[in-house]
Amino acid sequence: MSIFYRELLHLLEQKPNNLEGCDLSAVHLFQRIVQSLPPLPTKQHDYTRDLEHAEALLDLAQESILLYPYKSVPTCWRCMIMDAGVLKALCMLGQEGGGQLTLDCARRMICVLDTVVIISGAPGPQRRHVALETIQGLQDWLAKEQQQEATNSSSNISHLTTLDMHDDDPIISRDHSVPRLPAVPSFVDFVTRITTSETPFIIPKGAIDHWPALEKWRSVPYLISVAGDRMVPVEVGSKYTDQDWQQKLMRFEDFLRTYILPHDDEDQPSAYLAQHDLFHQIPRLANDIVTPDYCFCEPEPSELYPDPPPDVIQNAWFGPKGTVSPLHHDPYHNVLAQPVGRKYIRLYAPSQTEYLYPHQGIMSNTSQIDVEHPDQENFPLVNKAEYLECILQQGELLYMPPRWWHYIRSLSTSFSVSFWF
């Protein structure tokens with residue numbers, strides 16, 4: 001316990017964040033608390049008072065960022081969220097008074113640190129590194145302390161793929177099917193194809209057979225052991241264009257048990273861990289995948305692809321059968337990998353945009369069309385749109401060019417990884 005305490009305190013003392021621009025009284029309060037903290041946790045220090053102050057600073061910072069558009073939030077308030085969260089976790093640990101760390105305290109510390117890293121982006125020197133190292137240390141400690149508890153709680157769950165149902169898969173017309181390559185292409189073949197054809201295609205099984213994820217991510221006990229106590233952003237609702245859609249942070253194990261494993265509650269809303277860089281947050285999961293070599297081919301900029309990203313962008317997409325990504329397009333080349341489960345995907349070329357009724361404003365990359373149940377009265381041109389479709393099977397890759405519209409529905413419990421380049 002003392003190791004975690006010293007690391008967090010050293011971070012706040014030796015590598016101060018730039019809080020210039022925050023409310024001066026808040027900055028002075030933060031600095032006063034840090035300076036008053038003892039080098040090791042002790043029952044003689046009033047951590048309860050400091051914890052209350054840290055929570056107040058965190059509330060103030062979170063309220064302050066709501067005054068700005070997301071992309072315009074001042075860095076100082078993001079720094080305050082991060083450092084106030086570190087301070088809160090440190091005070092929670094200090095309340096243990098130098099005694100034995102409890103399971104509850106460890107889980108609450110992980111919750112605090114994960115949450116502020118996700119919300120703030122972990123600005124400042126060494127913030128992300130120390131937070132993730134602390135979280136990993138707490139996870140390792142938890143794993144040892146609750147090994148028997150984890151064994152008992154996970155004894156009735158085996159593999160996600162046992163939940164698959166095949167009887168309602170859509171029938172793919174040969175006239176609309178996405179081309180499926182006869183074999184895994186070489187790097188040169190891939191580059192030639194995306195340069196000359198500029199259309200989607202499926203890379204068959206074999207390209208990612210070496211990924212540990214194909215086996216490990218089917219195991220709920222494995223996922224719980226690696227990430228059970230981590231906080232992750234989850235979209236609750238059928239799709240992000242619905243009025244009742246919301247996003248909330250929750251423990252990964254709670255997400256698994258509430259939304260992924262089978263249950264009898266028919267009124268349970270759908271939930272999706274969607275477009276989240278889970279692998280940067282939880283490096284142990286990153287060890288289960290390998291970025292395909294294809295993603296390093298550096299395509300030339302074009303009218304539809306004017307701003308290549310500086311690095312490959314990885315995102316996780318994990319949810320139960322029925323989760324939907326509404327019809328939308330992205331600005332990058334995309335290789336979508338399917339290590340667990342199956343997905344139905346429909347695609348439209350950029351030339352079909354006039355028939356797809358995009359939203360106005362900030363959601364202009366999203367269509368108003370419900371792809372599988374189109375409202376032809378309000379959107380009469382939708383029937384003119386030409387499309388391709390496929391069922392992406394476990395172990396396959398789908399390449400999608402920039403600005404191609406795509407709609408995705410999970411046909412089973414599904415864990416996908418997108419690589420934007």
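The C-alpha atoms at the two ends of residues 271–421 lie 27 Å apart, and this span is 5% helix and 35% strand, where helices (H or I, at least four residues) and strands (E, at least two) are DSSP runs numbered from the N terminus. In UniProt, an unreviewed entry lists residues 271–421 as "domain: JmjC"; UniProt positions are given in the numbering used here, feature names are shortened, and annotations may be inferred rather than shown by experiment.

The model is predicted, so local features need pLDDT of at least 70 and side-chain atom pairs count only at pLDDT 80 or more, while totals for chains, interfaces and linings use all residues. Residues are numbered from 1 along each chain as its sequence is written, and side-chain values use heavy atoms, with hydrogens and water left out.

Closer to the start of the numbering, helix 1 (residues 2–14) contains Y5. Y5 is buried, at a relative accessible area of 0% (buried means under 20%, exposed over 50%, partly exposed in between; 1.4 Å probe, protein chains only). Beyond its neighbours within four places in sequence, Y5 is in contact (heavy atoms within 4.5 Å) with L37, P38, P39, L40, P41, Y47, L90, L93 and G94. Of these partners, L40 is 35 residues from Y5 in sequence, with 6.9 Å between their C-alpha atoms.

Turning to the cysteines, the structure holds zero disulfides, a disulfide being a pair of cysteine sulfur atoms within 2.5 Å. For C79, the closest cysteine sulfur is that of C76, 7.4 Å away and too far for a bond; C79 is buried, at 3% relative accessibility. C111 is partly exposed, at 27%, and its sulfur is 12 Å from the closest cysteine sulfur, in C105, again too far for a bond.
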